[in-house]
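Please open the model in your viewer and keep the sequence panel visible. The tour below proceeds by selection, from the whole chain to individual side chains.

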Amino acid sequence: QPFFDNAFSFIRQALINHARIYTPRLDIFDFDKDYIKTNIKWEKVEYQRPFLGELLRLISAQAAAENVQSIDWAISYPSAFSRTDQNGYINSWEQLLESLTKITGQDHKFASHEPIRTESIVFAQFFADVLNKNLVHTTCVDIGGGTSDISIWQENDLIHQASVPYAGRDIFHRILKQNLAFIG
C-alpha cells in the first residue's frame, strides 16, 4: 500500500508545515502574551482545516495499517455554532474527506445515519448506545475548550439542549494564573 508506506513521513512533514508549538519557560511565563494557540478547532478558522486534516490523516494511516478500506465518519460540533459556523465546519469536513479518498485510496464519507450532531447529543448518546444506559432524568455536560454543551433528557427523550460560553479554557487559565506553582 503506497499510502501506508509514506503516510507517517507525509504526516510528519505536514505537521511541520501546518503547526508550531512554543512552550515558554515557566520562570518568564506571561499570560498576557499569545505563546500558545488554543481552541484552534473552533475559534481560529485558519487553523481548523490543517488541524482536522492532520487528525484525519493519522486516523486513516492507522486504519490502513489494519487493512480498513472504507471509513464512515460522524462529526459533532458545539450547539453554540451559528448556521454559518456549522456550514463552514461541514464544508471543511467534506473537502477533507474528498482529499483523503484521493490520497489514501480508502473510501471516506459521512455515515448514513445522523452523521452530524451537536456535542451534547453525541455525549449523551454514547452513554445510551455504547454503555447501554437509560437517560432517565439525566443531564449531560460536555465541557469543551470554549463552551460547555448541556443536554437534558427525560425517559430517553431530549427535552432541552444549550451551550454556555464557560468551559475548560476559562477554568484552566484561572487556576493556572492564580497558582503558577501548581504547574511545577
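A contact here means heavy atoms within 4.5 Å. In this predicted model, among contacts between residues at least 6 apart in sequence, 53% join residues at least 24 apart.

**The whole chain**

Begin with a cartoon view, in which the protein shows six helices and seven strands. Followed along the sequence, these elements are arranged as α-α-β-β-α-β-β-α-β-β-β-α-α. Next, display the surface: the protein exposes about 11800 Å², of which carbon and sulfur atoms supply 55%. Of the 184 residues, 31% count as buried.

**Aromatic rings**

Now show the side chains of Phe, Tyr and Trp. The model contains six aromatic pairs. One of them joins Tyr 89 and Trp 93 in an edge-to-face arrangement, with 6.4 Å from centre to centre and 80° between the planes. Both residues belong to helix 3 (residues 83-104), and because they are four residues apart there, about one helical turn separates them. Are these two rings buried or exposed? Tyr 89 is buried, at a relative accessible area of 4%, and Trp 93 is buried as well, at 6%.

Move next to Phe 123 and Phe 127, which form another edge-to-face pair, 5.3 Å centre to centre with 85° between the planes. These residues lie four apart in helix 4 (residues 119-130), so about one helical turn separates them. Phe 123 is partly exposed at 29% relative accessibility, and Phe 127 is partly exposed at 30%.

Then select Trp 73, Tyr 77, Phe 81, Tyr 89 and Trp 93 together: ring pairs link these residues into a cluster.

**Salt bridges**

Side chains of opposite charge can pair when their charged atoms come close. The whole structure holds four salt bridges.

Select Arg 57, located in helix 2 (residues 45-65). Its side chain meets that of Glu 54 in a salt bridge, at 2.7 Å from N to O. Arg 57 and Glu 54 are three residues apart in helix 2, about one turn of the helix. Both Arg 57 and Glu 54 are buried, with Arg 57 at 10% relative accessibility. For a view across the fold, add Leu 96: its C-alpha atom is 9.4 Å from that of Arg 57, although the two residues are 39 apart along the chain.

Turn now to Asp 72, which forms a salt bridge with Lys 109, the closest N and O atoms being 2.7 Å apart. This pair links distant parts of the chain, since Asp 72 is in strand 1 (residues 70-73) and Lys 109 in strand 3 (residues 107-110), 37 residues apart. Asp 72 is partly exposed at 46% relative accessible area, and Lys 109 is partly exposed at 35%. Add Asp 107, which also forms a salt bridge with Lys 109, here with the closest N and O atoms 3.4 Å apart. Asp 107 is partly exposed at 35% relative accessible area. Asp 72, Asp 107 and Lys 109 are thus linked in a network of salt bridges.

**A buried arginine**

Finish at Arg 117, in strand 4 (residues 116-118). Which side chain of opposite charge is nearest to Arg 117? It is that of Glu 114, 4.4 Å away; Arg 117 is buried yet has no salt bridge. The side chain of Arg 117 does reach the backbone oxygen of Glu 114, at 3.3 Å. Leaving aside residues up to four places away in sequence, Arg 117 touches Ile 75, Ser 76, Tyr 77, Val 122 and Gln 125.

Note on methods
Residues are numbered from 1 along each chain as its sequence is written. This is a predicted model: local features need pLDDT of at least 70, side-chain atom pairs count only at pLDDT 80 or more; totals for chains, interfaces and linings use all residues. Side-chain values use heavy atoms; hydrogens and water are left out. Rings of Phe, Tyr and Trp (its six-membered ring) pair if their centres lie within 6.5 Å; planes under 30 degrees apart count as stacked, over 60 as edge-to-face and the rest as tilted. Helices (H or I, at least four residues) and strands (E, at least two) are DSSP runs, numbered from the N terminus. Buried means under 20% relative accessible area, exposed over 50%, partly exposed in between (1.4 Å probe, protein chains only). Accessible areas come from the Shrake-Rupley method with a 1.4 Å probe; for residues, only the protein chains shown count as cover. Lys and Arg count as positive and Asp and Glu as negative; His and the chain ends are not counted. A polar contact is a pair of N or O atoms within 3.5 Å; within protein, one must be able to donate a hydrogen and the other to accept it, and residues adjacent in sequence count only if both atoms are side-chain atoms.
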